[in-house]
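Dear colleague,

Please find below the structure that I am handing over to you. My notes on it follow directly after.

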Protein chains: 2
Amino acid sequence: MNLRDLRYVLAVAEHRHFGKAAEASFVSQPTLSGQIKKVEEELGVTIFERSNRSVEITPIGEQLLIYARRVIEQVEAMENLAKAAQDPLAGLLRLGVIPTLGPYLMPLILQPLRKEFPDMHLVLREEITEQLLIHLRHHELDAALIATPPDDDDLQEIALFDEPFWLAFPAKHPLYNKDEIYEEDLPVDQLLLLADGHCLTEQVMGVCHLDQSSAHDDLRASSLETLMQLVGAGFGCTLVPALALRGSWATDTGVILRQVHVANAERRIRLVARKTFPRALALKALAELVCKHLPNTVRKVVKG
Amino acid sequence: MNLRDLRYVLAVAEHRHFGKAAEASFVSQPTLSGQIKKVEEELGVTIFERSNRSVEITPIGEQLLIYARRVIEQVEAMENLAKAAQDPLAGLLRLGVIPTLGPYLMPLILQPLRKEFPDMHLVLREEITEQLLIHLRHHELDAALIATPPDDDDLQEIALFDEPFWLAFPAKHPLYNKDEIYEEDLPVDQLLLLADGHCLTEQVMGVCHLDQSSAHDDLRASSLETLMQLVGAGFGCTLVPALALRGSWATDTGVILRQVHVANAERRIRLVARKTFPRALALKALAELVCKHLPNTVRKVVKG
DNA sequence: ACAGATTGATAGGTTTTACATATTGGATTT
DNA sequence: AAATCCAATATGTAAAACCTATCAATCTGT
């Protein structure tokens with residue numbers, strides 16, 4: 001049996017006339033007659049009792065029609081659903097973000113996103129890079145915003161922007177008088193770090209030429225917010241990604257911020273997804289939207 | 001789209017492997033791949049995200065699968081229903097009977113019917129011939145038991161049996177001493193009749209050579225039961241079909257019954273149905289069952 | 001009563017499409 | 001490096017759905 005055949009049956013039931021039903025189905029009357037006959041033979045049941053001047057539905061045919069109508073109804077609902085979902089810019093997009101980026105980037109783009117792509121339904125998940133990549137591979141996420149190259153042949157990336165690191169230190173710190181920070185100024189021995197696993201931790205250590213052994217591991221903050229509270233409280237200094245400068249800690253914590261003039265004192269933020277992810281357009285749209293709403297503290301990458 | 005395609009989609013979803021799904025669907029892998037691709041193109045949506053080592057279902061695919069499963073489920077229910085209804089001896093049979101036959105014949109066959117064809121669901125309707133024929137033509141009945149030739153080219157008949165008329169008269173009637181009634185004995189002037197419309201009325205008039213004008217129309221009974229009550233009460237005589245002899249009036253009403261030796265003092269009972277009615281076997285089975293359970297007071301017709 | 005219109009079924013030929021086998025390209029495993 | 005696995009692609013074949021033309025039966029209107 002066939003959906004087309006069911007539609008033919010419904011057409012005959014509606015018109016009670018093979019010719020009219022054929023016309024309404026955009027086929028010839030012999031074709032329709034043949035298909036109806038085929039269905040009846042397949043089901044082993046007479047659906048229509050036809051004479052030369054009337055077409056009537058048998059009682060069993062009436063029962064079958066109820067099912068046929070339900071089937072066609074469901075199929076049409078299915079097609080409508082697909083049609084509504086055809087727009088790659090619409091529908092669910094499960095996006096992961098690293099914790100040192102999410103709280104500062106997402107507020108900038110959520111409202112524009114709702115305005116420009118009202119049908120795109122973003123579901124956010126904040127985890128460290130390693131977890132995000134696992135979720136991507138497991139198809140539990142569709143895309144992720146991270147700060148390291150994914151290093152996985154199954155994944156693709158769209159580079160978005162470079163986010164410089166700023167130096168954060170307590171108000172009473174000797175560096176207070178320096179407006180500009182160079183490599184030799186970095187207070188490497190007073191450096192406070194995030195917990196392991198955060199990509200930011202390794203990147204900051206890289207900028208400061210620290211390795212695992214030489215880094216303090218007695219004081220590790222579990223979040224950037226906590227870290228800045230520690231800085232404000234005078235426990236040490238740290239490097240902060242530019243977008244985080246406007247975090248909630250920025251007011252009244254007595255933390256001083258300075259631009260850093262050191263090579264590679266920045267991280268590249270990219271949108272990664274599986275190469276096989278079918279909604280490339282959604283990724284592109286999201287990438288462009290993010291770039292469009294970035295502050296001047298970061299440097300956009302010119303596409304790619 | 002196509003039911004076959006939906007089954008393919010479900011198979012891939014189940015196996016998460018095109019080769020295995022193809023095998024389970026008894027087609028080659030390229031065929032299945034092609035059909036899946038076709039469905040995705042038709043729907044404009046990617047259902048499966050495939051790489052060289054995995055097949056995963058997209059979120060929209062998951063939603064579509066819910067519908068696909070429902071559709072297939074309904075279709076299978078439909079096929080099961082048809083299969084269950086394939087037996088022409090099973091299922092609904094809407095049967096009409098004339099009022100002078102139904103109450104006496106049906107009790108004889110209902111139980112055997114339930115025993116021999118437990119799946120045949122008889123729905124009875126008791127009306128005069130004219131109404132029954134109208135209902136037959138309107139497909140509101142499938143068959144009818146009547147006592148006159150249907151005289152309609154769209155209808156067919158199976159003759160079942162000839163039912164003789166018996167003379168019924170009050171106990172004190174002068175005919176009491178006659179054991180056998182011949183034409184000249186018929187008490188034509190005392191004849192009581194049923195209401196017009198009943199075929200029995202005309203047939204009894206025919207046997208007695210009465211026409212519309214010469215017949216009493218001051219006393220007409222609305223049912224055979226009433227008629228016999230009138231006879232028992234001494235209002236007159238009448239002719240009764242043989243099967244009715246065992247009606248509820250037969251005891252304690254003082255009605256005397258005599259066999260009648262008059263040509264054509266009988267009526268032929270036939271099962272009529274539309275020529276186009278598809279369940280000829282059900283008719284045949286019913287006809288045979290009726291004949292099998294008739295008392296000796298009637299003469300079975302030898303098939304046809 | 002007879003010609004013309006109507007209706008569903010049938011016949012024969014064409015186009016579409018579903019299918020199979022063979023092969024390819026990319027990735028993984030031994 | 002060779003073998004294996006997997007889905008996609010290429011190409012030819014067989015089944016099906018479809019069309020036009022026609023038939024048989026009936027109904028309509030003169």
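A residue is called buried under 20% relative accessible area, exposed over 50%, and partly exposed in between, with a 1.4 Å probe and protein chains only. By that definition B:Arg258 is buried, because its relative accessibility is 14%. B:Arg258 sits in strand S11 of chain B, residues 255-261 (strands are DSSP runs of E with at least two residues, helices are runs of H or I with at least four, and both are numbered from the N terminus). Leaving aside residues up to four places away in sequence, B:Arg258 is in contact (heavy atoms within 4.5 Å) with B:Trp166, B:Leu167, B:Phe169, B:Tyr176, B:Lys178, B:Asp179 and B:Ile181.

As to conventions, this is a predicted model, in which local features need pLDDT of at least 70 and side-chain atom pairs count only at pLDDT 80 or more, while totals for chains, interfaces and linings use all residues. Residues are numbered from 1 along each chain as its sequence is written, chains are lettered from A and ligands numbered from 1 in the order in which they are written, and side-chain values use heavy atoms, with hydrogens and water left out.

DNA strand C

There are 22 residues around DNA strand C, and A:Gln29, A:Arg50, B:Tyr8, B:Ser28 and B:Asn52 come nearest (near means that a heavy atom of the residue lies within 4 Å). By class, this surface has seven nonpolar, ten polar and five charged residues (Ala, Val, Leu, Ile, Met, Phe, Trp, Tyr, Cys and Pro are nonpolar; Asp, Glu, Lys and Arg are charged; the others, Gly among them, are polar). Among the polar contacts (pairs of N or O atoms within 3.5 Å; within protein, one must be able to donate a hydrogen and the other to accept it, and residues adjacent in sequence count only if both atoms are side-chain atoms), a polar side-chain atom of A:Arg50 lies 2.7 Å from a phosphate oxygen of strand C. A backbone N or O atom of A:Phe18 is 3.2 Å from a phosphate oxygen of this strand.

DNA strand D

Around DNA strand D there are 21 residues, of which A:Ser28, A:Thr31, A:Lys38, A:Arg53 and B:Arg50 come nearest. Of the atoms of strand D within 4 Å of the protein, 77% belong to sugar or phosphate and the rest to bases. Phosphate oxygens of strand D lie 2.9 Å from a side-chain N or O atom of A:Tyr8 and 3.2 Å from one of A:Gln35.

With kind regards
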